[in-house]
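Reader: I should be grateful for a close look at one part of this model, followed outward into the elements that surround the matter. Please state the cut-offs behind each term as it arises.

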Amino acid sequence: MKIAAYDVREDEKIYFEEIIKQLDLEIVYIDEILSMDTIELAKNCDGVSILGHSQIDSTILNKLKDLNIKYISTRTVGYNHIDLEYANKIGIKVSNSNYPPSGVAEYTVMLMLMSSRNYKQAMFRGNVNDYSLAGLRGKEIKDLTVGVIGSGKIGCAVIDILQGFGCKIIVYDKFIKEEIKLKAEYVDLETLYKDSDVITLHTPLLKETYHMINKETINKMKDGVILINCARGELMDIEAVIEGIEEKKIGALGLDVIENEEGIYHKDRRTDILINRQMAYIRQFPNVTMTQHIAFYTDTAVKSMVTCSVKSLVDFINTGKSELEITNN
Ligand code: NAD
């Protein structure tokens, strides 16, 4: 049994080595993404493991089929980089990975704290021996109402952590979870916008959630609202968010993701010309804390992503099935 692992980072290799020791498996490591330039490197392999930077369209899928490779596993939770409909149509099976929601939830709460305590400014000043207090007075989370949009895995984990802060938590989701009612109050979206001091987004990117934070919804929020986005950049109309900061409607912003980040993050771009003006502009505000889509990035999550990917390929190869298989239906 042989698999090709594309786009492998050094920090993933230890987990690949751990899992292949337990399974009877040969692995070909390829630094580059899976593309038409690198696809021949998977010749004679039974399956391929990829990350989200590999765009798997019909051309790649047809070529995989020509090479008799029937299984693709992505070491990510999201799979919108794979043309699943076409893969299913030509009989290529696809699986994704999972990991506990705690890492992203902890990171979300960290951005809340950094934003409510003006940490970015405090850190910058400290680095140049400016120990002045002006402009650094913060807010205590316990005094605030936190609005959570999306009570899925990550949203619920955020609510769990926030229990320890003693703040009021309100939540909106299309589906209500009875167990969450013990910890937070479900409200409609209008009420959440109106009453929250902090709003954190935990919905997937869908047609209906695209740009859900826009000029109109920002206007419904409290003056000085703190917005946190560790979900997907496209949930926010970034131009409207910039205006919200300039007009001081938005008090602080914590972003692990930003609209049109694709192709920029997770590589050293210091000497590159980056074409994303909004990203460059929004970064300079003293009340905007931005990170490079790393909320997921913990040892627990990386180990789980690699393990899920390899195990699902082995299951596919041995049995034609995997419990992590994703289909278009
Ligand atoms: P999940 O599927 O468990 O939960 C999503 C929730 O959103 C569900 O409860 C669903 O009912 C709700 N939802 C769907 N449409 C909605 C709408 N229109 N309004 C309100 N709620 C709606 O997903 P999850 O694992 O909690 O992940 C949430 C998001 O976090 C993912 O979609 C992903 O984009 C993002 N994410 C980011 C990182 C990162 O590193 N920054 C890592 C993992 C996930």
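Author: The part to begin with is T217, which is found in helix α8 (residues 215-219); helices here are DSSP runs of H or I with at least four residues, strands are runs of E with at least two, and both are numbered from the N terminus. Residues are numbered from 1 along each chain as its sequence is written, and side-chain values use heavy atoms, with hydrogens and water left out. The model is predicted, so local features need pLDDT of at least 70 and side-chain atom pairs count only at pLDDT 80 or more, while totals for chains, interfaces and linings use all residues.

T217 is buried, its relative accessible area being 9%. Buried means under 20% relative accessible area, exposed means over 50%, and partly exposed is in between, with a 1.4 Å probe and protein chains only. A polar atom of the T217 side chain lies 2.9 Å from the backbone oxygen of M212. This is judged as a polar contact, a pair of N or O atoms within 3.5 Å; within protein, one must be able to donate a hydrogen and the other to accept it, and residues adjacent in sequence count only if both atoms are side-chain atoms.

Further along the chain comes strand β10 (residues 225-229), of which 5 of 5 residues are buried. In a regular strand the side chains alternate between the two faces of the sheet. For β10 both faces are covered: V225, L227 and N229 are buried on one side, I226 and I228 on the other.

Strand β10 belongs to an open sheet of 7 strands, ordered β8-β7-β6-β9-β10-β11-β12 with parallel pairing. The edges are β8 (185-186) and β12 (288-290); each has a single partner strand, so one side of each is left without a neighbour in the sheet. Two strands pair if DSSP finds at least two bridges between them. Strand β9 (residues 198-201) runs parallel to β10 and is joined to it by 4 bridges, with L201 opposite N229. On the other pairing, β10 and β11 are parallel over 5 bridges, and N229 stands opposite L255 in β11. Strand β11 (residues 250-255) in turn pairs with β12 in the parallel sense over 3 bridges, where L255 has M290 as its bridge partner.

The ligand can be described next. It is surrounded by 23 residues, the closest being K153, I154, D173, D256 and F296; a residue is near a molecule if one of its heavy atoms lies within 4 Å of it. By class this shell has 11 nonpolar, 6 polar and 6 charged residues, where Ala, Val, Leu, Ile, Met, Phe, Trp, Tyr, Cys and Pro count as nonpolar, Asp, Glu, Lys and Arg as charged, and the others, Gly among them, as polar. Backbone N or O atoms also approach the ligand: one of I154 lies 2.8 Å from a ligand oxygen atom, one of G152 lies 3.3 Å from a ligand oxygen atom, and one of C230 lies 3.1 Å from a ligand nitrogen atom. The protein covers 84% of the 870 Å² of accessible area that the ligand has on its own, areas coming from the Shrake-Rupley method with a 1.4 Å probe.

Helix α4 (residues 102-116) completes the account: 11 of its 15 residues are buried, so it is largely enclosed by the rest of the structure. Among the buried residues are Y107, L111 and M114.
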